[in-house]
Amino acid sequence: MPEDNKVDLEQLEEGYEFAPVDFQIDPPTATAYIEAVGEDVSIFRDTDTMPPMAIAALALTSLMEAAPFPPGTIHVSQDFDFIDTASTKDTLTRHTRVITKRDRGRLRMMTIGLSVYKNNKQPVLTGETGLLLP
Amino acid sequence: MTMNLAELKVGVKIPEIRRSIDQANINRYAEASGDFNPIHIDEEYAGNTSLGGTIAHGMMVLAYVSQLMTSAFGKAWLSGGSLNVRFKTPARPGDTVTVNGEINSVEEQNGERQVGCNVLVSNQDDEVIITGKTTVRLKTKGQNETGR
């Protein structure tokens with residue numbers, strides 16, 4: 001999965017938008033995900049439809065690779081709206097932006113907005129991720 | 001097996017799911033998701049943080065919530081579901097987590113039925129791992145609402 005150019009944490013002000021990133025989840029990766037979480041329903045086992053949480057997880061991972069979140073960053077909250085399914089054949093695009101950034105003592109809280117589209121324009125999911133940075 | 005129309009009433013519990021978590025699970029999830037944050041996979045690193053040891057990825061445990069909803073609502077969850085959760089306590093290797101859901105609202109609007117649920121993931125000591133709410137929109141006209 002291609003990475004954004006990394007930015008400095010201090011550049012991540014509210015409203016900052018990361019460069020969109022295209023990615024695809026190939027069948028071996030989808031299978032590895034399904035096995036790792038013990039997903040066992042025919043929708044995923046017998047078709048190339050991906051669990052929505054697989055799409056969300058891989059989109060978030062690509063964000064974590066692109067953003068300068070330090071080791072020890074903890075995921076504290078998560079919202080998702082699952083809008084449409086996607087398959088291993090779809091090219092997915094991740095859009096992310098900083099929604100909130102607050103300092104609380106020695107910790108920093110950030111909320112990141114995430115949207116994933118398939119084939120350029122069809123929305124697959126949207127969400128907000130709450131992070132606590134050391 | 002997805003739930004029937006007649007079952008969708010406030011107070012109805014969704015059949016729970018239970019998962020055992022060990023370091024091998026967590027490592028498999030790290031490989032599959034590409035999330036190699038050391039708090040999940042590096043016991044020495046994690047042991048020297050305030051966490052005191054490795055923890056499961058929040059997204060891994062949240063995947064179990066999505067599984068619960070998929071088992072109850074089928075395809076309707078995949079393209080009409082939403083969730084809003086807080087991660088309260090980490091799940092750790094050795095934990096057995098139980099995922100519970102209970103319908104807390106059923107509303108009909110514009111040919112759709114919107115079903116709200118409270119969801120809770122807890123460990124073997126009844127510590128809350130994840131708490132939150134889910135909503136799923138079900139078509140009530142022209143198709144089987146849970147997509148079977």
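How many of the 15 residues of helix α3(A) are buried?

**View 1. Helix α3 of chain A.** In this predicted model, local features need pLDDT of at least 70 and side-chain atom pairs count only at pLDDT 80 or more, while totals for chains, interfaces and linings use all residues. Residues are numbered from 1 along each chain as its sequence is written, with chains lettered from A and ligands numbered from 1 in the order in which they are written. Helix α3(A) is mostly covered, with 14 of its 15 residues buried, that is, with 20 or more other C-beta atoms, placed from the backbone, within 10 Å of their own. The helix covers residues 52-66 of chain A, and because 1.5 Å a residue gives an expected span of 21 Å, its end C-alpha atoms, 21 Å apart, agree with that value; the expected span is 1.5 Å times one less than the number of residues.

**View 2. Contacts of B:Val65.** Leaving aside residues up to four places away in sequence, B:Val65 touches B:Leu83, B:Val85, B:Val99, B:Val119, B:Val121 and B:Ile130, where contact requires C-beta atoms, placed from the backbone, within 7 Å.

**View 3. The side of chain B that touches chain A.** The contact takes 32 residues from each of chain B and chain A. On the chain B side, α4(B) gives the largest share, nine residues.

**View 4. Paired strands.** Strand β2 of chain A (residues 74-82) pairs with β2(B) in the antiparallel sense over six bridges, pairing being counted when DSSP finds at least two bridges between two strands. A:Phe82 has B:Gly81 as its bridge partner in β2(B).

Note on methods
Contact = placed C-beta atoms within 7 Å. Helix = DSSP H or I, 4+ residues; strand = E, 2+ residues; numbered from the N terminus. Buried ≥ 20, exposed ≤ 12 C-beta atoms within 10 Å, placed from the backbone.
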